Amino acid sequence: MATPGGRPQTSPPGGTGAGRVPDFFIVGHAKCGTSAIYRILRRHPQVFMAVKEPRYFTPELRSRFRRLAPQSGADTLDAYKALFARARPDQLAGEATPSYLRSHEAAARIAGANPRARIVALFREPASYLRSFHQQALFNNFESETDLRKALELEAARRQGRRVPLLSHSPQSLLYMDHVKYVEQLSRYEAVFPPEQILTLIYEDFRADNEAVVRQILRFLGLDDALELKPIKTPPVPAVRSPLAQQLVWLSANLAYRRGKGDAVGRPTKILRRLAYRDRQPPPDEQLTRELRARVKGEVVALGEHLGLDLVSRWGYGEVD
């Protein structure tokens, strides 16, 4: 099979087991359409997508409770390659792990495994992203502080290992401002991959026209972009009412999993879910949004200049001081 661009595929170094290292990687960010893009691409006949978020190239960002909380993925190269063993020779293999963009090491690790890989990076207006990621962190049991302002104020202490929720299985995710160092993150990939192997996308473009952006990705990968694409709606993240009840839901679900009951977590968890979640997310704190936008404007300007895009206008930062 030919890789994107018509070059013959060669086996990447390392490992002896069946399977292969992916031809392309969707590297994030979270809350930027990565799940929807993953689900659309996996329906394409020329694409094989492994289970979402194997996280193989970010061992430092995996759950600290990995033994208690079963996750997709693999700990060795052979096990990782085996995730793609069912990919046909005429298919491109791909995977999607948003934390690859935030990681300081993932870009170099991916390049070491497959220097011909293609990279798809996604970015979102930072203030909106931070609010959405905080909601996801609450739901994923990273975070226990329901107020985003207070969560941001805790960042200095958490960077020193203090004030981390006892059951947070990803404390690194609580360093919120590290998530929006966009130019630094993209530069790590540009240092190890040539520009023709990197596609940078803006989430707001994907949200406005899912189909157009997915076809852009298909063309970037050298695949047929004329096939019918079925739109996918990603359900909203449940709004956490009680972090304590959310943690009990998590513990109950994992206990059921360990007992071999899969997702059948029983009536107690159904009761806990009613205590844990509310019907809808609370409205954004407009004052905090203004403060965040002022705080990250320099990053917006820098990313726009880096990409040759007017992100200041596109993301509405023209009046931000």
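In this briefing, two residues are in contact when their heavy atoms lie within 4.5 Å. With that in hand, welcome to a tour of this predicted model. We will look at a parallel open sheet of 5 strands, at the way helix 13 (residues 286–307) packs with helix 5 (residues 126–139) and with helix 8, at the second largest pocket, with its space of about 390 Å³, and at a loop between strand 1 and helix 1.

**The sheet**

- Following the open sheet across, you meet its 5 strands in the order 2-3-1-4-5, with parallel pairing.
- Strand 2 (47–49) and strand 5 (198–202) are the edge strands; each has a single partner strand, so one side of each has no neighbour in the sheet.
- On average, neighbouring strands here are turned by 20 degrees against each other, direction ignored.
- For a look at one pair, take strand 1 (residues 24–26) and strand 3 (residues 92–96), which are joined in the parallel sense over 3 bridges.
- Within strand 3, glycine 94 is the bridge partner of phenylalanine 24.

**Helices on the sheet**

- Helix 8 (residues 182–190) lies across strand 4 (118–123) and strand 5, and its direction is at about 175 degrees to strand 4.
- Helix 10 (residues 210–220) also packs on the sheet, where it touches strand 4 and strand 5; the angle between helix 10 and strand 5 is about 175 degrees.

**Helix 8 with helix 13**

- The axes of helix 8 and helix 13 are 9 Å apart, and the two helices pack at an angle of about 30 degrees.
- That angle makes helix 8 roughly parallel to helix 13.
- From helix 8, the contact involves Tyr182, Val183, Leu186, Ser187 and Glu190, which meet Glu299, Ala302, Leu303, His306 and Leu307 of helix 13.
- By character, the residues of this contact are 6 nonpolar, 2 polar and 2 charged.

**Helix 5 with helix 13**

- Helix 5 packs with helix 13 at an angle of about 120 degrees, and their axes are 8 Å apart.
- Helix 5 is therefore oblique to helix 13.
- On the helix 5 side, Pro126, Ala127 and Leu130 take part; their counterparts in helix 13 are Thr289, Leu292, Arg293, Val296 and Val300.
- The residues of this contact divide into 6 nonpolar, 1 polar and 1 charged.

**The second largest pocket**

- About 390 Å³ of space lies in this pocket.
- Its lining is made up of 22 residues, and those nearest the centre are His134, Thr146, Asp147, Leu148 and Pro282.
- Two or more lining residues come from each of helix 5, helix 6 (148–153), strand 6 (239–240) and helix 13.
- Helix 5 gives the most to the lining, with 5 residues.
- The lining divides into 11 nonpolar, 5 polar and 6 charged residues.

**The loop between strand 1 and helix 1**

- Look for histidine 29 in the loop between strand 1 and helix 1 (34–41).
- Histidine 29 is joined to glycine 28 by a cis peptide bond, with omega at about 0 degrees.
- Lysine 31 is also placed in the loop between strand 1 and helix 1.
- The phi of lysine 31 is near 60 degrees, which is a positive value in a residue other than glycine.

Methods:
Residues numbered from 1 in each chain as written. Predicted model: local features only at pLDDT ≥ 70, side-chain atom pairs only at ≥ 80, totals over all residues. Heavy atoms only, no water. Axes fitted to C-alpha atoms, helices over the stretch in contact; angles between N-to-C directions. Helix = DSSP H or I, 4+ residues; strand = E, 2+ residues; numbered from the N terminus. Parallel < 35°, antiparallel > 145°, perpendicular 65-115°, else oblique. Nonpolar A, V, L, I, M, F, W, Y, C, P; charged D, E, K, R; others polar. 1 Å grid on protein atoms, 1.4 Å probe; cavity = no way out; pocket = protein on both sides within 12 Å on 5 of 7 lines; lining within 4 Å. Points joined across faces, edges and corners; volume = space filled by probe spheres on them. Pairing = 2+ DSSP bridges.
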